[in-house]
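Morning, everyone. I have one structure to walk through, so let me put it on the screen.

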Number of protein chains: 2
Amino acid sequence: MSRDTGGGGSTSAARSRLLTTATRIFYAEGIHSVGVDRIIAEAQVTRATLYRHFTGKEELVLAYLGQADLGIRAQVEAARAGEESAAGQVRAVARSIADGIRSPGFRGCAFLNAVAEYPDPAHPVHRAVLAHRQWFLDTVTELLARIGDAPADGDGRHVVMLRDGAMAAGCLFDPELVCETFLGGVEDVVRSREA
Amino acid sequence: MSRDTGGGGSTSAARSRLLTTATRIFYAEGIHSVGVDRIIAEAQVTRATLYRHFTGKEELVLAYLGQADLGIRAQVEAARAGEESAAGQVRAVARSIADGIRSPGFRGCAFLNAVAEYPDPAHPVHRAVLAHRQWFLDTVTELLARIGDAPADGDGRHVVMLRDGAMAAGCLFDPELVCETFLGGVEDVVRSREA
DNA sequence: ACAGAAAGAGACCGAACGTTCTCCCTCATC
DNA sequence: GATGAGGGAGAACGTTCGGTCTCTTTCTGT
């Protein structure tokens, strides 16, 4: 069961369990404070299996962030798919971010949390965070540029700054109020471009 | 030298060196990833001395955050002292935050970084972060309330959200652009209340 | 001069860390 | 039926972790 279907796949039941478990625990409890023993125990996998699929803990962390990156890209695409106008798409993305903040188990931004544990700019984990953030900034800026004629760089940074603040505060203040403030702030930016 | 001056003081050269070193290293590299060996080595203090002044690493972490809290309160007071009007004080506080972000060695908000490593809301470190944040939110909201007549709760949260986003992004994007966006956002809020 | 606290020096503890290893079993494919 | 990869089980590696211990030196206030 669960055998590769021939191609150069990297799928297996054990690997998938490993990645799912690592994602859950790393996001909920942090990275440095969780040992590989915890992960292999909860993934019901042996130590040897972990090191057969990953070169070490670091590669598992990178896979975790890759997983998170895919999730967020899918979330953004899903939000955009429901709207035609650029303004509608920005609002939809903001709403989907707010939905995440309100969800049970929300623990802030996986990337901001990870980078707090990897301050060294040369570290692969740090670089993965930077890459994800650059993609998000570019995506938002490009979307805003389609609303009105004004340059969108500043507004893009503004929206991302609100997002970062909302993600950071979402599990430290009342999530409901945080979402209200965030959505209001994004709405101001969108409206200022629509005018 | 460096003897207590009689009262129930908690000052000593070794303790001070310990706290200064811990603050520097914890802020620059994170908490879980640095061991007490690093700290006592760089503080030029023996292991026994650490445990004579602190019950353990956790108390050292709490002392580090206490240090950071005092620093920020002093920074806010200094900024406010130079301005008379409430609006001027808010602008001054924002400028002083921006100055911090532009400073060399800026590694984000010590409290946001710490809470990323201590997600458990019941943990003393997590609670210390919440307490600091509540003070800051209250301070900003109270200041904004003195500008105009509109309720200031929402605007206070808005400014804190911009600050959180700016502090998070300040060491991940170009600090100069981050500060520009941050100061612009705060200015918008202040002006909307002055009108 | 003397008592006593602060600090240095360093051995030591058990536990957890990430990692590597061997041995055996299962099972799809040729 | 033989082959060989994937996985389970678990011992073991050396290192580092946070924390405790004893012993000695230094220096202050009385």
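I will go through the core, then some helix pairs, then a few single residues.

First, a caution: this is a predicted model.

Let's start with the core. The largest nonpolar core holds 132 residues. Which of its members touch the most others? They are A:F26 and B:F26. Look at the chain A copy. Setting aside residues up to four places away in sequence, A:F26 touches A:I31, A:V34 and A:I39. A:F26 also touches A:K57, A:L60, A:V61 and A:Y64. In general terms, nonpolar side chains in soluble globular proteins tend to be buried together.

Now over to chain B, where B:F26 turns up again. Take helix α1, residues 13-29, and helix α4, residues 57-81. Their axes come within 9 Å and cross at roughly 85 degrees. The window for roughly perpendicular is 65 to 115 degrees, so α1(B) and α4(B) fall into that class. From α1(B), the contact uses B:L19, B:A22, B:T23, B:F26 and B:Y27. From α4(B), it uses B:K57, B:L60, B:V61, B:A63, B:Y64 and B:Q67. By class, that contact has eight nonpolar, two polar and one charged residues.

Next pair, back in chain A. Helix α4 spans residues 57-81, and helix α5 spans residues 86-102. They pack at about 135 degrees, with axes 8 Å apart. Are they parallel, perpendicular, antiparallel or oblique to each other? Roughly antiparallel would need an angle over 145 degrees, so α4(A) and α5(A) are oblique. The crossing of α4(A) past α5(A) is right-handed. On the α4(A) side we have A:Q75, A:V76, A:A79 and A:R80. They meet A:Q89, A:A92, A:V93, A:S96 and A:I97 of α5(A). The split for α4(A) with α5(A) is five nonpolar, three polar and one charged.

Third pair, chain B again. Helix α6, residues 110-117, packs against α7(B) at about 150 degrees, with the axes 9 Å apart. That angle makes α6(B) roughly antiparallel to α7(B). Here α6(B) passes α7(B) in a left-handed crossing. B:F111, B:L112, B:A114 and B:V115 come from α6(B). B:H126, B:V129, B:H132 and B:R133 come from α7(B). Those residues divide into five nonpolar, two polar and one charged.

Stay with B:H126 for a moment. It sits in helix α7 of chain B, residues 124-145. Is B:H126 buried or exposed? Its relative accessibility is 4%. The cut-off for buried is under 20%, so B:H126 counts as buried. What is B:H126 in contact with, leaving aside its neighbours within four places in sequence? In chain B, there are B:V115, B:Y118, B:P119, B:D120 and B:P121. From chain A, there is A:L172.

Last item: backbone angles. Most residues other than glycine have a negative phi. A:Q44 is not a glycine, yet its phi is positive, about 55 degrees. A:Q44 is in the loop between α2 (36-42) and α3 (47-53) of chain A. With a relative accessible area of 67%, A:Q44 is exposed. Now chain B. B:Q44 has a positive phi of about 55 degrees. Its place is the loop between α2 (36-42) and α3 (47-53) of chain B. B:Q44 is exposed at 66% relative accessibility.

That's the tour. Questions, please.

Key:
Residues are numbered from 1 along each chain as its sequence is written. Chains are lettered from A and ligands numbered from 1 in the order in which they are written. This is a predicted model: local features need pLDDT of at least 70, side-chain atom pairs count only at pLDDT 80 or more; totals for chains, interfaces and linings use all residues. Side-chain values use heavy atoms; hydrogens and water are left out. A nonpolar core is a set of buried Ala, Val, Leu, Ile, Met, Phe, Trp, Tyr and Cys residues joined through side-chain atoms within 4.5 Å. Buried means under 20% relative accessible area, exposed over 50%, partly exposed in between (1.4 Å probe, protein chains only). Contact means heavy atoms within 4.5 Å. Axes are lines fitted to C-alpha atoms, for helices over the stretch in contact, and angles run from 0 to 180 degrees between N-to-C directions. Helices (H or I, at least four residues) and strands (E, at least two) are DSSP runs, numbered from the N terminus. Angles under 35 degrees count as roughly parallel, over 145 as roughly antiparallel, 65 to 115 as roughly perpendicular and the rest as oblique. A crossing is left-handed if the near helix is turned anticlockwise from the far one by less than a right angle, and right-handed if clockwise. Ala, Val, Leu, Ile, Met, Phe, Trp, Tyr, Cys and Pro count as nonpolar, Asp, Glu, Lys and Arg as charged, and the others, Gly among them, as polar.
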